[in-house]
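Reader: I should like to learn how the features of a structural model are read, one at a time. Could we work through an example together?

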Amino acid sequence: MTPEEILARPAKALTQAQREHYFEYGYLGAPALIGADWLARLNECTARYVEESRHASGDGRFDLEPDHRPDAPRIRRLNSPVDADELYWEFASTGPFVDVAEDLLGPNLKFHHSKLNFKWSGGGEEVKWHQDIQFWPHTNYDVLTIGVYLEDVDDRMAPMGVIPKSHQGPLYDLYDHDRNWTGNIREEDVPRIDAASAGYIAGPAGTVTVHNCRSIHGSPPNWSDRPRPLLLCAYAAADAIAITNLVSRAPHGNEMVRGEPARWARFDPRPCLMPPDWSRQGYKSIFQHQQREAAR
Ligand SMILES: O=C(O)CCC(=O)C(=O)O
């Protein structure tokens, strides 16, 4: 569907101005969109995983910072929360994210994957500038990621930043010159992206972030004294078909969450960089790639 066709449909969760902002700038922030009930359930569940992480090794469910300790957890990410706990799947497949996705992608929707980035207090690691679609190419770019801050996030807590209108610009090379996947835009390309123009999305707990899969985004280290938990779920229009098998073995990868599956794949002529073949070694998290831990 074109943006005009999508905008002509009645909105379910967003205002018309928020939808228009997404199509024009490639991202949006919707303050306090997720209600107190969902937040309380998600936070109660998340607190259990923080407890579990104290004795985790960091090789599967959790991505941990190198100095994580049982008495002082430092979690970068809970990988694929929808597979860890039924509550996260209930939220991702039936909660308000699905309405947000419908407002921006139309009525036929697939879930792709999820992650819960904690960005711990006292220096929780930065996410360097990158675009998502090179990690998981699809036949077109009607693919986006929706996030919700589970706690209040102010400007000092490393909110997510997005470069306005970068979804309409080029896709960048996320390999280094030795053809190693780094998962971030090369240093030499950063001056081209106008990082000073980034819009940073802060807000009270329940604030929703959305960014298109081509939008350049990232976030600085969190030097505040509070973690910044951001639950992220990626969705695709039903006719955007994943080109790689990244989520093909995930229980909910490419699962329809609303509407009808596509009978015809839709192709966008703009080329997409292909990621490495992660089917043998498995995908490491963006933090491990960007911090060059994946090759160790
Ligand atoms: O957590 C963030 O600030 C950004 C997350 C992100 O871009 C990612 O995990 O791909």
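Author: The turns below take up the cysteines, the nonpolar cores, two helices, two loop residues, the ligand and the backbone angles. The model is predicted.

Reader: Let us begin with the cysteines. How many disulfides does a search of the whole structure find?

Author: In general, a disulfide is a covalent bond between the sulfur atoms of two cysteines. Here the search finds zero disulfides. For C45, the nearest cysteine sulfur belongs to C233 and is 12 Å away. A disulfide requires the two sulfur atoms to be within 2.5 Å.

Reader: Is C45 buried or exposed? And is C233 buried or exposed?

Author: The term buried applies under 20% relative accessible area. C45 is buried because its relative accessibility is 0%. C233, with a relative accessible area of 1%, is buried as well.

Reader: Which residues of the largest nonpolar core touch the most other members?

Author: A nonpolar core joins buried residues of certain kinds through their side-chain atoms. The largest one has 46 residues, and those touching the most other members are Y88, F97, L104, I146, V210 and Y235. Another core, of 23 residues, lies apart from it and includes I163, Y172, I193 and A240.

Reader: What does L104 touch, if residues up to four places away in sequence are not counted?

Author: On that count L104 touches I6, L14, R19, Y22, F23, L28, L144 and V210. V210 is itself among the residues that touch the most other members of the largest core.

Reader: L104 lies in α6. Why is α6 described as largely enclosed by the rest of the structure?

Author: The description rests on burial: nine of the 10 residues of α6 are buried, so the helix is largely enclosed by the rest of the structure. The buried residues are P96, F97, V98, V100, A101, E102, D103, L104 and L105. G106 follows α6 and has a positive phi, near 95°.

Reader: Which residues of helix α5 are buried, and what is found at the start of α5?

Author: Helix α5 spans residues 86-94, and its buried residues are L87, Y88, W89, F91, A92 and S93. At the start of the helix, a side-chain oxygen of D85 comes to within 2.9 Å of the backbone nitrogen of L87.

Reader: Let us turn to the loops. Where does N108 lie, and what does its side chain reach?

Author: N108 is in the loop between α6 (96-105) and β4 (109-117). It counts as partly exposed because its relative accessibility is 30%. The side chain of N108 reaches the backbone nitrogen of E260 at 2.8 Å. Residues far along the chain can also be compared through their C-alpha atoms: N108 and V257 are 149 residues apart along the chain, and their C-alpha atoms are separated by 8.0 Å. Leaving out residues up to four places away in sequence, N108 touches A236, A237, A238, M256, R258, G259 and E260.

Reader: Where does T207 lie, and is T207 buried or exposed?

Author: T207 occupies the loop between β8 (199-201) and β9 (208-212). Its relative accessible area is 1%, so T207 is buried. The side chain of T207 reaches the backbone oxygen of P204 at 2.7 Å. A polar atom of the T207 side chain also lies 3.1 Å from the backbone nitrogen of A32. Beyond its neighbours within four places in sequence, T207 is in contact with residues including A30, P31, L33, G147, V148 and Y149.

Reader: Which residues come nearest to the ligand?

Author: Of the 13 residues around the ligand, those that come nearest are R77, N117, H217, S219 and R228. Polar side-chain atoms lie at these distances from an oxygen atom of the ligand: 2.7 Å for R77, 3.0 Å for H217 and 2.6 Å for S219. The ligand has 290 Å² of accessible area on its own, of which the protein covers 98%.

Reader: Finally, the backbone angles. What is the phi of R179, and what is that of N254?

Author: Most residues other than glycine have a negative phi. R179 is not a glycine, yet its phi is positive, about 65°. R179 is placed in the loop between β7 (160-162) and β8, and it counts as exposed because its relative accessibility is 71%. N254, also not a glycine, has a positive phi of about 65°. N254 belongs to the loop between β11 (230-237) and β12 (256-258), and is partly exposed, with a relative accessible area of 29%.

Conventions. Residues numbered from 1 in each chain as written. Predicted model: local features only at pLDDT ≥ 70, side-chain atom pairs only at ≥ 80, totals over all residues. Heavy atoms only, no water. Buried < 20%, exposed > 50% of the residue type's maximum accessible area, 1.4 Å probe, protein only. Core = buried A, V, L, I, M, F, W, Y, C linked by side-chain atoms within 4.5 Å. Contact = heavy atoms within 4.5 Å. Helix = DSSP H or I, 4+ residues; strand = E, 2+ residues; numbered from the N terminus. Polar contact = N/O pair within 3.5 Å; in protein donor to acceptor, adjacent residues only side chain to side chain. Near = heavy atom within 4 Å. Areas by Shrake-Rupley, 256 points an atom, 1.4 Å probe, with all protein chains shown as cover.
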